[in-house]
Structure formats: structure tokens, C-alpha cells
Amino acid sequence: AMGLDGLNEEQKQKALDDILYTLNANVGQRVAEILNEGQLDEFDKLTSDEAAVNEDELSKWLEQNVPNYKQIVEEEAQKMKNDAMQMVQSVMGPSQA
């Protein structure tokens with residue numbers, strides 16, 4: 001899927017990690033624009049130590065403090081998908097996408 005068929009498992013995992021990292025960064029940037037200063041401080045505390053980030057706690061916090069959080073994630077994922085399709089089409093031609 002997503003053009004990763006020619007990669008071995010390690011390469012696929014790295015590609016997926018990179019995609020998730022970019023998606024999280026894009027979502028985080030949009031979320032930061034919405035939050036007030038107190039919320040931003042809380043968000044920074046929850047995400048400051050990447051090794052110790054509690055995903056469940058972070059998800060709950062985001063859903064409570066950012067009413068359209070899921071919509072933001074979906075929009076950013078769709079943007080990345082569209083960008084990837086455009087990149088494939090520019091490299092391979094429209095018939096390959």
C-alpha cells in the first residue's frame with residue numbers, strides 16, 4: 001500500500017515512521033494555533049519528552065481541549081495523501097498514481 005511494496009520491512013517501517021512524524025508535526029502546528037497560552041503550556045508538557053509521551057493521555061487531552069481534533073487529523077492526512085499523489089504523478093506520470 002501507498003507505494004511501499006518494493007521496500008523491505010525495515011524500510012517500510014522507516015517510511016511509515018516518517019509519515020507519522022510529519023503528520024504529527026502538521027497536526028501539532030494546527031493545534032498550537034487554536035490553544036490559549038495555558039493550554040499551550042499543558043500541551044508542551046504532554047509532548048516535551050517524546051520517549052515518555054503517554055499517547056492515551058495525550059489523545060484524551062486533545063479531544064477535550066480541541067473540539068475539532070479528529071477533523072484536523074483527517075484534513076492533514078488528506079493533504080499529505082494529495083501531496084504524495086501529486087509527487088508520484090510528477091515523477092511517474094498520471095497513469096501511475
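Is E76 buried or exposed? I would like to begin with that residue, and since what we have in front of us is a predicted model, please take every value I give as computed from that model. E76 is buried, because its relative accessible area is 6%, and the limit for calling a residue buried is under 20%.

Let me place E76 in its surroundings. E76 sits in helix α4, which runs over residues 69-92, so to speak of its length, α4 has 24 residues and reaches 34 Å from its first C-alpha to its last, close to the 34 Å that would be expected at 1.5 Å a residue. The buried residues of this helix are Y69, I72, E76 and M80, and these buried residues pack against two other helices, namely α1, residues 9-34, and α3, residues 55-65. If we leave out residues up to four places away in sequence, E76 touches L23, N26, V27 and R30.

The last name in that list, R30, deserves a longer look. The side chains of E76 and R30 meet in a salt bridge, with a distance of 2.8 Å from N to O, and this pair links distant parts of the chain, since E76 is in helix α4 and R30 is in helix α1, 46 residues apart. R30 also meets the side chain of E75 in a salt bridge, here at 2.7 Å from N to O, and that pair again links distant parts of the chain, with R30 in helix α1 and E75 in helix α4, 45 residues apart. While E76 is buried, R30 is partly exposed, with a relative accessible area of 22%, and E75 is partly exposed as well, at 31%. Taken together, R30, E75, E76 and K79 are linked in a network of salt bridges.

How many salt bridges does the count come to? The count is 6, and one of them lies within a single helix: E9 forms a salt bridge with K12, the closest N and O atoms being 3.9 Å apart. E9 and K12 are 3 residues apart in helix α1, which means that about one helical turn separates them. E9 is exposed, with a relative accessible area of 61%, whereas K12 is partly exposed, at 24%.

Let me turn now to the aromatic residues, where the count comes to 1 aromatic pair. The rings of F43 and W61 have their centres 6.0 Å apart and their planes at 25°, so the pair is stacked, the limit for that word being under 30 degrees. Because F43 lies in helix α2, residues 37-47, and W61 lies in helix α3, the pair ties together parts that are 18 residues apart in sequence. Both partners are buried, F43 with a relative accessible area of 11% and W61 with 8%.

Helix α3 also holds E63, which is partly exposed at 43% relative accessibility. Leaving aside neighbours within four places in sequence, E63 is in contact with Y69 and K70, and Y69 is one of the buried residues of α4.

Finally, let us follow α4 towards its end. M87, V88, V91 and M92 make a nonpolar surface patch of about 410 Å², and V91, which belongs to helix α4, is exposed, with a relative accessible area of 64%. After α4 comes G93, whose phi is positive, near 100°.

Terms used
Residues numbered from 1 in each chain as written. Predicted model: local features only at pLDDT ≥ 70, side-chain atom pairs only at ≥ 80, totals over all residues. Heavy atoms only, no water. Helix = DSSP H or I, 4+ residues; strand = E, 2+ residues; numbered from the N terminus. Buried < 20%, exposed > 50% of the residue type's maximum accessible area, 1.4 Å probe, protein only. Contact = heavy atoms within 4.5 Å. Patch = residues over 30% accessible without salt bridge, like charges linked within 9 Å, V, L, I, M, F, W, Y side chains within 5 Å. Areas by Shrake-Rupley, 256 points an atom, 1.4 Å probe, with all protein chains shown as cover. Salt bridge = Lys/Arg side-chain N within 4 Å of Asp/Glu carboxyl O. Phe/Tyr/Trp six-rings, centres within 6.5 Å; stacked < 30°, edge-to-face > 60°.
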